[in-house]
Amino acid sequence: MESGQAFRELREGKIRPVYVCCGMEAYRMNEFTEQLVSRLVEPEHREMAIMRYNTSEHSIDEIIDEAETLPFLVPHKLVIVRDSVVFASSGKEAAKIEHRPERLLEYMRSPMETTVLVFIVPHEKLDERKKVSKAAKQSDAVVNFSLLSAEELMQWVARRAEKQRRTIEPAALTELLRRVGTDMAALAAETDKLCLHAGENGTVTAQSVADLVPASTEQSVFKLTEEIAALRTDRALAIYYDLLKQREEPIKLTALLVRQFRNMLFIKELSRQGYTPQQIAGQTGLHPYAVKMMGEHIRSFSTDRLARILERLAELDYAMKTGRVEKSLGLELFLMETGARGG
């Protein structure tokens, strides 16, 4: 099932005996776990009622022994297991501990009524070749926490503001995503700050976002590449000077530019091969929103231009690290020359 359905069930008081939470959206996964805790366990009983395990350190036998043990002085027990081995193998970790998945299969057929067993699997999907993965899917225990689209993120932010009795303008939502990016923890923190500023029954405007929310370094570098694409050297330099004022290291900024232009080259090549934005996100590990945003301005770059920029950034990085060029001046000259030459 999708995460939205799992959250709805929790609100309705329906709690399953076993959950296998998988996906790359860690914030939502943690949010779901916390809501499970608040539904099942009184704050003063957390020490006795919540048990945490990791399949890289604990065997399935230990975990199931815990799950089958009756809770002590509390009505329910929550056993939370971080896993990259049992449901989704990840190389070296799999060899550390010997697991008997058949024990978990037996438990899933007849789980304890007083225990809720939760597996947290920080992988895009389960290894569907495994019997435990198939059994979890058949029992509808799998909850998918895939990355939210830009529209879903905006809806989530708007709901968070509504819970605090505030409204947030559509333009403010767009500006917030542009400045913060897709990190849900950062979006939550900035939304709460904006709501506090707006006051009860107030409205969060695009202007308040511009005034109160600084752009993250990654988003500033994204904007920098956009200005380079448009050959707006003066604006690119203005962003760079602002980053220097924030004490950002030129070597770090160069590395971020390399990553940005490399991703743009990947996206351009995959688009040429007919991949959809969603497929590109899966291939590159980028958020779909980032793929969409990059796709809008890579049209200004030819493949050759992107390759030349990456080559010059590699030379700049080497020159910085060997002391052949002063770091801040070196990156400034790169921006000026790239704008003047068009790459």
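**Exercise 1. Classify Tyr27 by its accessibility in this predicted model.**

Solution.
- Take the value: Tyr27 has 24% relative accessibility.
- Apply the cut-offs: buried is under 20%, exposed is over 50%, and partly exposed lies in between.
- Conclude: at 24%, Tyr27 therefore counts as partly exposed.

**Exercise 2. Assign a geometry to the ring pair of Tyr27 and Trp156, then place both residues in the fold.**

Solution.
- Start with the descriptors. A pair of aromatic rings is described by the distance of the centres and the angle of the planes.
- Check the distance: the ring centres of Tyr27 and Trp156 lie 5.6 Å apart, and pairing requires centres within 6.5 Å.
- Check the angle: the planes stand at 80°, and over 60 degrees counts as edge-to-face.
- So the Tyr27 and Trp156 pair is edge-to-face.
- Locate the partners: Tyr27 sits in helix α2 and Trp156 in helix α8. The pair therefore ties together parts 129 residues apart in sequence.
- Add the burial of the partner: Trp156 has a relative accessible area of 5%, so Trp156 is buried.

**Exercise 3. Describe the pair of Phe7 and Phe145, and name the aromatic cluster that holds both.**

Solution.
- Set the count: eight aromatic pairs occur in the structure.
- Read the geometry of one of them: Phe7 and Phe145 are 6.5 Å apart, centre to centre, with 80° between the planes. This pair is edge-to-face.
- Place the residues: Phe7 belongs to helix α1, and Phe145 to the loop between β5 (142-144) and α8. They are 138 residues apart, so the pair links distant parts of the chain.
- Check burial: both Phe7 and Phe145 are buried.
- Extend to the cluster: Phe7, Tyr19, Phe32 and Phe145 form one aromatic cluster.

**Exercise 4. Characterise the lining of the largest pocket.**

Solution.
- Volume: the largest pocket holds about 660 Å³ of space.
- Lining: 26 residues, with Gly181, Thr182, Glu218, Gln219 and Ala290 nearest the centre.
- Elements: α9 (170-180), α12 (217-229), α14 (250-272) and α16 (288-297) each give at least two lining residues. The largest share, six residues, comes from α12.
- Classes: eleven nonpolar, eight polar and seven charged residues.

**Exercise 5. Do likewise for the second largest pocket, and find which helix gives the most to its lining.**

Solution.
- Volume: about 470 Å³.
- Lining: 19 residues, with Gly4, Phe7, Arg28, Trp156 and Arg159 closest to the centre.
- Elements: α1 (3-11), α2 (26-40) and α8 (150-163) each supply at least two residues. Helix α8 gives the most, with six.
- Classes: four nonpolar, six polar and nine charged residues.

How values were computed:
Residues are numbered from 1 along each chain as its sequence is written. This is a predicted model: local features need pLDDT of at least 70, side-chain atom pairs count only at pLDDT 80 or more; totals for chains, interfaces and linings use all residues. Side-chain values use heavy atoms; hydrogens and water are left out. On a 1 Å grid over the protein atoms alone, a cavity is a set of points where a 1.4 Å probe fits but cannot get out, and a pocket is an open set with protein on both sides within 12 Å along at least five of seven lines; lining residues have an atom within 4 Å of a point. Grid points are joined across faces, edges and corners, and a volume is the space filled by probe spheres set on the points. Helices (H or I, at least four residues) and strands (E, at least two) are DSSP runs, numbered from the N terminus. Ala, Val, Leu, Ile, Met, Phe, Trp, Tyr, Cys and Pro count as nonpolar, Asp, Glu, Lys and Arg as charged, and the others, Gly among them, as polar. Rings of Phe, Tyr and Trp (its six-membered ring) pair if their centres lie within 6.5 Å; planes under 30 degrees apart count as stacked, over 60 as edge-to-face and the rest as tilted. Buried means under 20% relative accessible area, exposed over 50%, partly exposed in between (1.4 Å probe, protein chains only).
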